[in-house]
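Please examine the sequence and the model displayed below before reading on. The explanation that follows moves from the whole chain to individual residues.

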Amino acid sequence: MKLVKLLANLGYGSRKEVARMFREGRVTDAAGEVLYADDQVAHADVRVDGEPLDPAPGLVLMLHKPVGYTCSTRDPGRIVYDLLPPRFRLRKPLLSTVGRLDRDTSGLLLMTDDGALLHRIVSPKTKLPKTYEATLAEDLRGDEAALFASGTLMLESEDTPLAPARLEPLGPRRARLVLTEGRYHQVRRMFAATGNHVTALHRPQVGNLTLGDLPPGDWRLLDDHDLAALFNSN
Ligand code: URA
């Protein structure tokens with residue numbers, strides 16, 4: 001691929017803006033030799049203002065989503081893309097969130113531009129376990145674990161029951177819940193079905209991949225080791 005297209009696809013600017021960067025001599029190889037718009041050079045060997053290029057397509061990252069950010073590209077309020085380098089919003093192929101977390105949910109959010117990988121993660125067939133920690137307005141009743149594990153719980157306005165889910169009480173008003181599907185507002189609606197109300201919700205883990213010590217609002221690229229952990233959960 002010609003460099004002008006490579007850089008435009010990475011969000012460095014429109015073709016016109018990127019062409020100007022070449023004319024200004026800002027795009028070089030690793031040795032500092034000026035490169036030209038129609039050169040075809042390996043991604044790893046290109047520098048812009050002396051800096052390596054943003055990651056090539058096939059990018060997967062995890063973000064520690066804080067409360068208050070929406071998984072959307074156009075919400076008028078804070079959006080998860082605000083927490084990434086501005087160029088990441090302009091990439092082609094598009095960098096998308098893998099499923100969604102509600103605005104009021106914090107935790108591990110995956111993002112990728114790899115459509116096949118995204119599909120594999122969200123597909124109900126993969127049954128990837130997603131671990132949530134919920135804080136509740138009322139004490140647990142005691143029958144939630146059996147109800148959620150039953151595979152018969154039907155949420156309002158749905159016509160198929162939820163797949164069995166594992167609940168572990170962490171205190172009178174706190175519970176860990178492991179789901180293998182991702183329906184709209186699922187955790188909040190499951191507890192609502194028991195007459196309770198979720199006051200805080202956090203997702204520390206997807207598959208066997210955890211946030212580790214990644215602070216809220218920070219992100220990092222995933223490597224093959226992380227992806228193995230993501231899928232090695234059964
Ligand atoms: N379930 C919810 O209710 N909210 C989320 O953000 C994720 C799962």
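The paragraphs below treat the overall form first, then a charged patch, and finally some points of backbone geometry.

The model is a predicted one. Its protein chain has 234 residues, of which 44% count as buried. Measured against its principal axes, the C-alpha trace would be described by three spans, about 70 × 35 × 35 Å. The secondary structure of the protein chain comprises six helices and 12 strands.

How is the protein chain divided into domains? Domain 1 covers residues 3-52, and domain 3 covers residues 130-206. Domain 2 is assembled from two segments, 60-124 and 208-231. Between the centres of domain 1 and domain 3, taken over C-alpha atoms, the separation is 49 Å.

Attention now turns to the surface. Which residues form the positive surface patch? Its members are Lys-2, Lys-5, Arg-15 and Lys-92. Of these, Lys-5 belongs to helix H1, which comprises residues 3-9. The relative accessible area of Lys-5 is 36%, so this residue is classed as partly exposed. A patch residue must have over 30% relative accessible area and no salt bridge, and the 36% of Lys-5 is therefore consistent with the accessibility part of that requirement.

Lys-92 also leads to the backbone geometry. The peptide bond that joins Lys-92 to Pro-93 is cis, with omega at about -5°. Pro-93 is placed in the loop that runs between strand S4 (60-65) and strand S5 (96-97). As general background, most peptide bonds are trans, and most residues other than glycine have a negative phi.

Two further residues concern the second part of that background. Ser-157, which is not a glycine, has a positive phi near 60°. The residue lies in the loop between helix H4 (144-149) and strand S8 (166-171). Is Ser-157 buried or exposed? With a relative accessible area of 78%, Ser-157 is exposed, because the cut-off for that class is over 50%.

His-185 likewise has a positive phi, about 50°, although it is not a glycine. Where does His-185 lie? The loop between strand S9 (174-179) and helix H5 (186-192) contains this residue. His-185 has 29% relative accessibility and therefore counts as partly exposed, since that class lies between the buried limit of under 20% and the exposed limit of over 50%.

Methods:
Residues numbered from 1 in each chain as written. Predicted model: local features only at pLDDT ≥ 70, side-chain atom pairs only at ≥ 80, totals over all residues. Heavy atoms only, no water. Patch = residues over 30% accessible without salt bridge, like charges linked within 9 Å, V, L, I, M, F, W, Y side chains within 5 Å. Areas by Shrake-Rupley, 256 points an atom, 1.4 Å probe, with all protein chains shown as cover. Salt bridge = Lys/Arg side-chain N within 4 Å of Asp/Glu carboxyl O. Lys, Arg positive; Asp, Glu negative; His and termini not counted. Charge placed at Lys NZ, Arg CZ, Asp CG, Glu CD. Helix = DSSP H or I, 4+ residues; strand = E, 2+ residues; numbered from the N terminus. Buried < 20%, exposed > 50% of the residue type's maximum accessible area, 1.4 Å probe, protein only. Domains from an automatic or database assignment.
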